[in-house]
Amino acid sequence: MKENSKSKYNEVIPIFFTVDDIYIPFLGVCLESIIDHISSENLYVVKILHTNITEENKNKIMKYQRENFDIEFVDLNYY
């Protein structure tokens, strides 16, 4: 997310999840519910902390990304 695109929103709302491949279907339901209730005036930054998620499952989750709903996967194996 570019810094200047953040300035058009009233607030930046961080959201964190820790999941694995087994939890992906539940994460999708949760993200869909959040999207149904967000304000277009705010930017929501979703960080998904994980150790092992397949590319297929990452792609499933990235489909929820919107202009004001940014999703990023953070691989904890890196750290």
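Asn 68 is in contact with Tyr 9, Ile 38, Ser 39, Ser 40, Asn 42, Leu 43 and Tyr 44, leaving aside its neighbours within four places in sequence. The model is predicted, and in it Asn 68 is found in the loop between α3 (55-62) and β3. With a relative accessible area of 12%, Asn 68 is buried. The points below continue from this loop to the aromatic pairs, the nonpolar core, the salt bridges and a surface patch.

**Asn 68 and Asn 42**

- Asn 42, one of the residues in contact with Asn 68, lies in the loop between α2 and β2.
- The relative accessible area of Asn 42 is 13%, and the residue is therefore buried, the limit being under 20%.
- Not counting residues up to four places away in sequence, Asn 42 touches Tyr 9, Asn 10, Glu 11, Ile 13 and Asn 68.
- Tyr 9 appears among the contacts of Asn 68 and also among those of Asn 42.
- Asn 42 and Phe 69 are 27 residues apart along the chain, with their C-alpha atoms separated by 8.8 Å.

**Aromatic pairs**

- Two aromatic pairs are found in a search of the whole structure.
- In the pair of Tyr 23 and Phe 26, the ring centres are 5.5 Å apart and the planes stand at 40°, so this pair is tilted.
- Tyr 23 has a relative accessibility of 38% and counts as partly exposed.
- The pair of Tyr 44 and Phe 69 has ring centres 6.5 Å apart and planes at 40°, so it is tilted.
- Because Tyr 44 belongs to strand β2 and Phe 69 to strand β3, their pair ties together parts that are 25 residues apart in sequence.
- Tyr 44 and Phe 69 are both buried.
- Tyr 44 is also among the residues in contact with Asn 68.

**Nonpolar core**

- In soluble globular proteins, nonpolar side chains tend to be buried together.
- The largest nonpolar core of this model has 16 residues, and those with the most contacts inside it are Leu 27, Leu 31, Val 46, Ile 48, Ile 61, Phe 69 and Ile 71.
- Two or more residues of this core come from each of β1 (12-19), α2 (24-37), β2 (43-50) and β3.
- Helix α2 provides the largest share of the core, four residues.
- Ile 48 touches Phe 17, Val 19, Leu 27, Ile 53, Ile 61, Ile 71, Glu 72, Phe 73 and Val 74, not counting residues up to four places away in sequence.
- Phe 69 thus has two roles in this description: it is among the core residues with the most contacts, and its ring pairs with that of Tyr 44.

**Salt bridges**

- Side chains of opposite charge can pair when their charged atoms come close.
- The whole structure contains four salt bridges according to the search, including the three described here.
- Lys 8 and Glu 67 meet through their side chains in a salt bridge, with an N to O distance of 2.5 Å.
- This pair links distant parts of the chain, 59 residues apart: Lys 8 is in the loop between α1 (3-6) and β1, and Glu 67 is in the loop between α3 and β3.
- Both Lys 8 and Glu 67 are exposed.
- Glu 55 and Lys 58 form a salt bridge in which the closest N and O atoms are 3.4 Å apart.
- Both of these residues, Lys 58 and Glu 55, lie in helix α3 and are three residues apart, about one turn of the helix.
- Lys 58 counts as buried at 17% relative accessibility, whereas Glu 55 is exposed, with a relative accessible area of 52%.
- A salt bridge also joins Glu 56 and Lys 60, whose closest N and O atoms are 3.8 Å apart.
- Glu 56 and Lys 60 are four residues apart in helix α3, so about one helical turn separates them.
- Glu 56 counts as exposed at 54% relative accessibility, and Lys 60 is partly exposed, with a relative accessible area of 42%.

**Surface patch**

- Leu 76, Tyr 78 and Tyr 79 make a nonpolar surface patch of about 440 Å².
- Leu 76 lies in the segment after β3 (69-75).
- The relative accessible area of Leu 76 is 39%, and the residue is partly exposed.

Definitions and conventions
Residues numbered from 1 in each chain as written. Predicted model: local features only at pLDDT ≥ 70, side-chain atom pairs only at ≥ 80, totals over all residues. Heavy atoms only, no water. Patch = residues over 30% accessible without salt bridge, like charges linked within 9 Å, V, L, I, M, F, W, Y side chains within 5 Å. Areas by Shrake-Rupley, 256 points an atom, 1.4 Å probe, with all protein chains shown as cover. Buried < 20%, exposed > 50% of the residue type's maximum accessible area, 1.4 Å probe, protein only. Core = buried A, V, L, I, M, F, W, Y, C linked by side-chain atoms within 4.5 Å. Contact = heavy atoms within 4.5 Å. Phe/Tyr/Trp six-rings, centres within 6.5 Å; stacked < 30°, edge-to-face > 60°.
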